[in-house]
Each structure stands twice: as structure tokens, then as C-alpha cells.
Amino acid sequence: MRLELRGITKRFGSFTANDQISITVEPGQIHCLLGENGAGKSTLMNVLFGLLHPDEGEIIIDGEPVKFEDSGEAVRRGIGMVHQHFMLVPVFTVTENVVLGFEPTKSINRVDYKKATDDIRRVSKEFNLDVDPDAIVENLPVGLQQRVEILKSLSHDAELLILDEPTAVLTPQEIDALMDIMRSLAAAGKSILFITHKLKEVKAVADVITVIRQGRVVGTAQPTDSEGELASLMVGRDVNLTVEKSTFTPGEEVFEIRDLVVRDDRGLIAVNGVSLDVRAGEILALAGVQGNGQTELVEAIAGMRHVESGTITLKGRNITNASPRRVLDAGLGHIPEDRHRDGLVLSMSVADNLVLNTPRRAPFAKHGSRNLAAVKENAERLVQEFDIRTTSIYEDASSLSGGNQQKVIVARELSRPLDFLMASQPTRGLDVGSIEYVHKQIVDHRNKGNASLIVSSELDEVLALGDRIAVMYAGKISGIVDPSTSREAIGLLMTGTTSESEHV
Ligand SMILES: Nc1ncnc2c1ncn2[C@@H]1O[C@H](COP(=O)(O)OP(=O)(O)O)[C@@H](O)[C@H]1O
Ligand SMILES: [Mg+2]
């Protein structure tokens, strides 16, 4: 399929999410749409897939202008979309999911599952998808569930496939496999629109790169361009992609957990006997695909989730099952995974959010009444020091961009006396510029001799920050390795393969 988007504009109220975007995708081409979070990529894809209606512009397929009322029409014109969040029914088989919504009409009272199954086998074989049509979807690893989505599109004769940030949930091996699948689809003449903000992936698989910033096309790039060039085009200024770290000289042990067992919200064991320790001047990075118990582990450490057994010790003090307040008082700084739920009070001002953990303490309060001058002075200093972009310190936190909200949390946590910093997905959803900034703050904190635990599902982040890397899989630590370990070896640990792990 040859697809042309011509001058697409999409507004939400007075905000222009897509501004005169024009892109051409040739048959058999892997066209990467590269842009930071909030650049307008998903909006554009939703317009193309008939989920949103453009305010201006045209969609032209093989020379013919089209208008989609809904996604059903887009599917009938040969467009398939694999969403960031899968739209599969977990308890159904692969075949049932693929057939779902496309069953023959009522006049035929039975779906021909035999034929559907055969079709799936054929398509699966043709593109090396390796999907068993009879498998129950919920039993499949995430990477395979994603292939079921791809298969579903293909079995409805998609000629152009939209993959919107498809690698966010995958292990390095699954990412490589997906890239191979994309290549074989393109070789068979399918067009692919691959959306991402990850530079390595773009370079690995793209034929053509279109960079979008703030709703506009700011340029095209080649996969041979350096990561630095791509990043500066994406951000609009030069970006330092490597984190400067001084040599690692670990001091005494600051934090220790032993044989920790924690249950998830459903009462199932999520953390299954984890032991870790972190020393002064060290960043221990905890890697792993999301959903392997990291969230529960972090919540247990922060006093937000009950510990079933095992111990947590901070600076020699047992803080197992202590309240969040006591854990903070014991010297923990916490940058939480869900900054809206746990990190900020969105309806409060930036100034108040910057003293959130210490509002009733000196110097911010005296004899039970608030010292507004101290709150103001603190906010002005931190906004300056941490480059928080806000029109006023009295602005609600909700009005800040995601990157600046995260800077508020980082500023607050790093500006008080800390023995131990725990940061969970510290740069998720942030633009490259803010990532650079947050990483620098975390490393500066470590260079001053502090201990940190950084939990991240981004392997790049883990490799950039960690002095040692622990990998979590299915509630257990599958290995602890040196940061010089190959991505492949860490990827294997992320899938629970422990044979290659070397303990440091
Ligand atoms: N339905 C909507 N209503 C209002 N604003 C929206 C809506 N969808 C997206 N936006 C805004 O449009 C911008 C682009 O979002 P999006 O297309 O999701 O970006 P990307 O996929 O590149 O991260 C963001 O600022 C987002 O907040
Ligand atoms: Mg998006």
C-alpha cells in the first residue's frame, strides 16, 4: 500500500496536537515515526486508523482520497493497528481472538474454526510468528500476545500495519524477534508505520525516519544518522546521552533486604524470597520486564505494602512493615512509579508539593503554624536549581508537563537529608532532555557517596546508571551482574534463564 498523509491537522480545543503533518509511506517500507512523549504520534495514528477525525488534511491510499468514519472502515481499507495496550480477550484462544468481531453473518450459524485455525497456521508460518492457534491468550508471554495482535491484522488482509510503541513491554530478545518480523512483513510488501521514541530501535529497523516535535514534522532522518543527531532533532537542542560517573568506590552497607516475601493485590505471591543489599556510593539497578514483582517490592520497602516475611533494614534499623512516614523518617527518599498517585498532590501548588514530606517540620512550620516565607524560599531555590519550568511557584502541580512534574519530585526528594534513594521508573514518559537531567541528579547524588536503588524496565537506563545490576523475574532475583555484561545476557536473565549469570 502507498499511503500519503497530506497536511493533517488535529486540534483538541485550542491545543493543536497535529499541525499540518505530511508523510508518505511506500509499499514494503518500514517508516519510523520518531518523537518524544506528547509529540503527537498516537494522535496521528488514531486519525489514520479512523479513531479520530482530522480537522484538516487528507488521507490518500494508492492515489485515492479516503475518509474513515470509524476504525472498521480503516480495517476494510487494509490498515491494521497494534495498540500499546492489547485488545485481546485473555480467556479466549488465539483463533477465537483473531475471529472475534469478524465472524460470518447470522445466516451462517457456525464459525468455521477449522478454516480459521488453518489460516492462522499459514500466516504464522509465512511471517515466522510462531503462534499456536489453540493456545489460550492469557497463558502466552507478552511478546506472543503482541504477535496475536499482528496476526489478527494480517488475517484481515492488512497491507499497512501501525505499531504504536510496540517494544515498551518487551524483553531485548522479544524486541529482536519483533524487528525480524517487521523485516519479513516489509519484504512481503507490507508497509509499516513504526512509532517509537527509542533511538536504537529506529536505527536497527527503519528505512525512513520522520521526526515529529510538538505536533509538527521537524525533519526526516536516515537510520545511519547517529543517536546524537536523532536525539537533537527530536528534542530541538543538543542532548548529552551518556551519564558521567566517577569510579565506583563502595562504602559500608546502607540498605539490606533478606528473604522478602510480599503478595500482590490479588493475594498472590509477587516477591518470592528476595535478598539484596546496597552500599554507600553505589547505585544498584533493578532490571526486569514490568510485572515481575518490582512494583510490589518497591511498595513494600516504602511501607506501602505489607511484608509477609523477611526483613528490610535501613542504616541498621529494621523498617519491615513500618508506616510510610516512619520509613521516610528513617532516611528513605522515594521517587515513585506512579507520580500522579503517590508522588504529587496535583491540586496543590508547586511550592506545597516541594515540602510534601516535611510540611509540619522546621523550617516549614513553627509551633504548628506554617512558615510561608520558608516554603516560598525553598520553592524558589529548588525551581531555580532543578530547572523546573513553571509560570509561578503557586501554580498547581497539575498544570506542569510530565517532565516538570517529575523534576518537582526529584527536587523534593534529593534536597532533604537522605540515607537511601529509591527511584522507580524515574524517567518513564519523560522527554530525552528531562531524562538527561534526572539521570544527572541521580548520579550526582551517588557521587556524593549515597546509596540508591533504581528500578527500571528500560535496559538503557539500567545500564547507564547501575554500578551493579540485579535482574528480577517472576518474583525472584534471577541474577546480579556487572554493568559491562552484554544486553543479551541481561535479556536472558529477564526471561528467567539463570545459567549465564555471574554473581558479582
Ligand atoms: N483526547 C485528547 N484530548 C486532549 N488532548 C489530547 C488528547 N489526546 C492527546 N492529547 C494531547 O495531545 C498531545 C499529543 O499526544 P499523543 O498523540 O498521545 O503523543 P505521543 O503519542 O507522541 O506521545 C499531548 O499533549 C496530549 O496530552
Ligand atoms: Mg503515544
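Reader: How many bridges pair strand β1 with strand β4, and in which sense?

Author: In this predicted model, strand β1 (residues 3-12) and strand β4 (residues 56-61) are joined by five bridges in the antiparallel sense. Two strands pair if DSSP finds at least two bridges between them, and the elements are DSSP runs numbered from the N terminus (helices: H or I, at least four residues; strands: E, at least two). The bridge partner of L3 in β4 is I61. As to conventions, residues are numbered from 1 along each chain as its sequence is written, while chains are lettered from A and ligands numbered from 1 in the order in which they are written. Local features need pLDDT of at least 70, side-chain atom pairs count only at pLDDT 80 or more, totals for chains, interfaces and linings use all residues, and side-chain values use heavy atoms, with hydrogens and water left out.

Reader: What is the order of the open sheet that holds β2, β1, β4 and β5, and which strands stand at its edges?

Author: In a regular strand the side chains alternate between the two faces of the sheet. Here the four strands run in the order β2-β1-β4-β5, with antiparallel pairing. At the edges stand β2 (15-25) and β5 (64-66), each with a single partner strand, so one side of each is left without a neighbour in the sheet. From one strand to the next the twist averages 30°. Axes are lines fitted to C-alpha atoms, for helices over the stretch in contact, and angles run from 0 to 180 degrees between N-to-C directions. Helix α1 (residues 41-48) packs on this sheet and touches β1, β2 and β4, its direction making about 115° with that of β1; contact means heavy atoms within 4.5 Å.

Reader: Which strands make up the open sheet that contains β11?

Author: The order is β12-β11-β14-β15, again an open sheet of four strands with antiparallel pairing. Its edges are β12 and β15 (317-318), each with a single partner strand, so one side of each lacks a neighbour in the sheet. Helix α9 (residues 294-301) packs on the sheet, touching β11, β12 and β14, and its direction makes about 120° with that of β11. Strand β11 (residues 253-263) pairs with strand β12 (residues 269-279) over eight bridges, and with strand β14 (residues 307-314) over six. F255 has V278 as its bridge partner in β12 and stands opposite L314 in β14. L260 stands opposite V274 in β12. Five residues lie between the strands of the β11 and β12 hairpin, where G267 takes a positive phi near 90°.

Reader: How is the packing of helix α14 and helix α15 to be described?

Author: Two packed helices are described by the angle between their axes and the distance between the axes. The axes of α14 (residues 402-414) and α15 (residues 432-447) come within 10 Å and cross at roughly 10°. The two helices are therefore roughly parallel to each other, the class for angles under 35 degrees (over 145 is roughly antiparallel, 65 to 115 roughly perpendicular and the rest oblique). G403, K407, V410 and L414 in α14 meet S434, Y437, V438, Q441 and H445 in α15. This contact has four nonpolar, four polar and one charged residues, where Ala, Val, Leu, Ile, Met, Phe, Trp, Tyr, Cys and Pro count as nonpolar, Asp, Glu, Lys and Arg as charged, and the others, Gly among them, as polar.

Reader: How many cavities of 30 Å³ or more are there, and what lines the largest cavity?

Author: Rolling a probe the size of a water molecule over the atoms shows where empty space is left. On a 1 Å grid over the protein atoms alone, a cavity is a set of points where a 1.4 Å probe fits but cannot get out, a pocket is an open set with protein on both sides within 12 Å along at least five of seven lines, and lining residues have an atom within 4 Å of a point. Grid points are joined across faces, edges and corners, and a volume is the space filled by probe spheres set on the points. The count comes to four cavities of 30 Å³ or more. The largest cavity holds about 50 Å³, and its lining includes Q290, E337 and V455.
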